[in-house]
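Work through the exercises below with the coordinates open. Each task is followed by a stepwise solution.

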Amino acid sequence: MASYYDEHDCEPDDSGVHRNLDLLQFARMLVENSDMLDFDLDLDFDGFTLPGERRAPPASIAVVQALPSIEISAKQVQMGKKCPVCLLEFDIHEKAKQLPCQHQFHSGCILPWLKKTNSCPVCRHELLTDDPDYEEYRKQKEKSKEKEARVESLHNSMYT
Ligand SMILES: [Zn+2]
Ligand SMILES: [Zn+2]
């Protein structure tokens with residue numbers, strides 16, 4: 001592992017180490033099972049959890065209850081606006097639930113979804129959860145992302 005961190009010029013931290021190990025295992029598994037894979041691989045797909053990655057918990061109940069209900073306008077109906085979950089077109093004056101990312105869904109479609117996971121099915125915008133462990137994990141993940149960004153901008157400033 002030492003060489004990895006030498007090359008990337010960053011310090012090992014717990015989450016990073018585990019993620020990298022898991023990704024290696026995962027890559028190996030993919031190679032071994034590649035003939036079974038007939039779907040587009042998306043590592044961020046919520047329903048597919050990497051070994052050791054945390055599965056996202058449900059969205060916070062309070063946050064879900066506070067989601068605004070908006071009325072579908074005639075214009076939206078004319079434009080054939082669809083609920084991204086069930087792919088049915090909205091009816092005029094139908095109420096839709098709007099997530100903070102502005103995506104709109106039938107409440108009957110998005111509410112069961114948010115009971116399982118905390119992110120928008122369209123853009124993966126994450127809602128707050130009631131799980132303190134997960135919130136902590138997410139903070140750490142954000143931090144390591146920032147760290148990567150800093151290393152990258154440092155790297156860029158050295159070579160530009
Ligand atoms: Zn729907
Ligand atoms: Zn969204």
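Axes here are lines fitted to C-alpha atoms, for helices over the stretch in contact, and angles run from 0 to 180 degrees between N-to-C directions. The model is predicted.

**Exercise 1. Find the angle at which helix 5 runs to strand 3, and describe the sheet.**

Step 1. Take the helix. Helix 5 lies across strand 2 and strand 3. Its direction makes an angle of about 100° with strand 3.

Step 2. Lay out the sheet. Three strands make an open sheet, ordered 1-2-3, with antiparallel pairing. Strand 1 (69–71) and strand 3 (104–106) are the edges, each pairing on one side only. From one strand to the next, the twist averages 50°.

Step 3. Check one pairing. Strand 1 joins strand 2 (residues 95–98) through three bridges in the antiparallel sense. Ser 69 is opposite Lys 97 of strand 2.

**Exercise 2. Classify the geometry at the zinc ion (ligand 1).**

Step 1. List the donors. They are Cys 83 (SG), Cys 86 (SG), His 106 (ND1) and Cys 109 (SG), at 2.0 to 2.3 Å. Their spacing along the chain is C-x2-C-x19-H-x2-C.

Step 2. Place two of them. Cys 86 sits in the loop between helix 4 (74–78) and strand 2, and Cys 109 in helix 5, so this pair ties together parts 23 residues apart in sequence.

Step 3. Test the angles. Four donors count as tetrahedral if all angles lie between 85 and 135 degrees. The donor atoms here subtend 97 to 117°, so the arrangement is tetrahedral.

Step 4. Check accessibility. Buried means under 20% relative accessible area. Cys 109, at 17%, therefore counts as buried. Cys 86, at 30%, is partly exposed.

**Exercise 3. Repeat the analysis for the zinc ion (ligand 2).**

Step 1. Cys 101 (SG), His 103 (ND1), Cys 120 (SG) and Cys 123 (SG) coordinate the ion at 1.9 to 2.4 Å. The sequence spacing reads C-x1-H-x16-C-x2-C.

Step 2. Cys 101 is in the loop between strand 2 and strand 3, while Cys 123 is in the loop between helix 5 and helix 6 (132–159), so the pair ties together parts 22 residues apart in sequence.

Step 3. The four donor atoms give angles of 105 to 113°, and the site is tetrahedral. Cys 123 has 36% relative accessibility and so counts as partly exposed.

**Exercise 4. Which residues touch the most other members of the largest nonpolar core?**

Step 1. The core has 15 residues; Leu 99, Phe 105 and Leu 114 touch the most other members. Helix 5 (residues 107–116) supplies the largest share, three residues.

Step 2. Follow Leu 114. Beyond four places in sequence, its contacts include Pro 58, Val 64, Leu 67, Leu 99 and Leu 127.

Key:
Residues numbered from 1 in each chain as written. Chains lettered and ligands numbered in written order. Predicted model: local features only at pLDDT ≥ 70, side-chain atom pairs only at ≥ 80, totals over all residues. Heavy atoms only, no water. Core = buried A, V, L, I, M, F, W, Y, C linked by side-chain atoms within 4.5 Å. Buried < 20%, exposed > 50% of the residue type's maximum accessible area, 1.4 Å probe, protein only. Helix = DSSP H or I, 4+ residues; strand = E, 2+ residues; numbered from the N terminus. Contact = heavy atoms within 4.5 Å. Pairing = 2+ DSSP bridges. Donors = N, O, S within 2.8 Å, 3.2 Å for Na, K, Ca; no water. Tetrahedral: all angles 85-135°; square planar, octahedral: opposite > 155°, others 65-115°.
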